[in-house]
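I set aside this page for notes on a fold that I wanted to read strand by strand. The entries follow the order in which I looked things up.

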Amino acid sequence: MNQKDCGLIYIIVCLETDEKYVGNTIYCLKKRMSVHKAPTNHCVSKKIIQRGNYRVDIVEENVPEDILCIREQYWMDNSSNIINIKRAVPLSEDERKKLKNYKAQVIRDWIKKWGDPLNNLGSPTILNNLLQIDVNCFA
């Protein structure tokens, strides 16, 4: 396999909080880090980089490009204190159903504890926020 068809998996580690951001790139790491450091970066990695006290660990090299996201997701699933928001690999249909069922249970539990927000002037904003959770954001 040609080296050009390969990439690497890296973890940005905050040395103050131990928060970690997992990423992948087919470019040299220096180039990828310049994107993380750019003022236009809105990625959660910026939270770590702005503190200025971090290190970057390369955890896998020469990863075939067609499985980069799978390997990135592996490190996200098997490392502690990960701050990544988006999954590298979309959820399976079964995982989506489980998440949807979990969301429904959270709403039922909220209603049981706080009452139906349609009949109660309590805090419908909280329930409304729960209802806004979109399982597609985990894709």
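Entry 1, the sheet. In this predicted model I looked up how the strands are arranged, and I found an open sheet of three strands in the order β2-β1-β3, with antiparallel pairing. I noted β2 and β3 (54–64) as the edge strands, since each of them pairs on one side only. Averaged over neighbouring strands of this sheet, and with direction ignored, the turn of one against the other comes to 20°.

Entry 2, the pairing of β1 and β3. I counted eight bridges between β1 and β3, which run in the antiparallel sense, and I wrote down Ile 9 as standing opposite Glu 60 in β3.

Entry 3, the pairing of β1 and β2. Here I found six bridges, again antiparallel, between strand β1 (residues 6–14) and β2; for Val 13, the bridge partner in β2 is Lys 20. The hairpin that these two strands make has five residues between them, and in it I noted that Asp 18 takes a positive phi near 65°. I then asked how many of the six residues of β2 are buried. Strand β2 (residues 20–25) turned out to be mostly covered, with five of the six buried.

Entry 4, helices against the sheet. I looked up what α1 touches and found that this helix packs on the sheet through β1, β2 and β3, its direction making about 45° with that of β1. Helix α3 (residues 68–77) also lies across β1, β2 and β3, and I recorded its run at about 170° to β2.

Entry 5, the nonpolar cores. Nonpolar side chains tend to be buried together in soluble globular proteins, so I searched for such groups next. The largest nonpolar core has ten residues, namely Leu 8, Tyr 10, Ile 12, Cys 14, Tyr 21, Leu 29, Met 33, Ile 48, Ile 49 and Ile 83. Which elements give two or more residues to this core? I found them to be β1, α1 (29–37) and α2 (45–51), and the largest share, four residues, comes from β1. I also listed the contacts of Ile 83, leaving out residues up to four places away in sequence, and obtained Glu 19, Lys 20, Tyr 21, Val 44 and Ile 48. A second core, separate from the one above, has eight residues, among them Val 13, Leu 68, Met 76 and Ala 88.

Terms used: Residues are numbered from 1 along each chain as its sequence is written. This is a predicted model: local features need pLDDT of at least 70, side-chain atom pairs count only at pLDDT 80 or more; totals for chains, interfaces and linings use all residues. Side-chain values use heavy atoms; hydrogens and water are left out. Buried means under 20% relative accessible area, exposed over 50%, partly exposed in between (1.4 Å probe, protein chains only). Two strands pair if DSSP finds at least two bridges between them. A nonpolar core is a set of buried Ala, Val, Leu, Ile, Met, Phe, Trp, Tyr and Cys residues joined through side-chain atoms within 4.5 Å. Contact means heavy atoms within 4.5 Å. Axes are lines fitted to C-alpha atoms, for helices over the stretch in contact, and angles run from 0 to 180 degrees between N-to-C directions.
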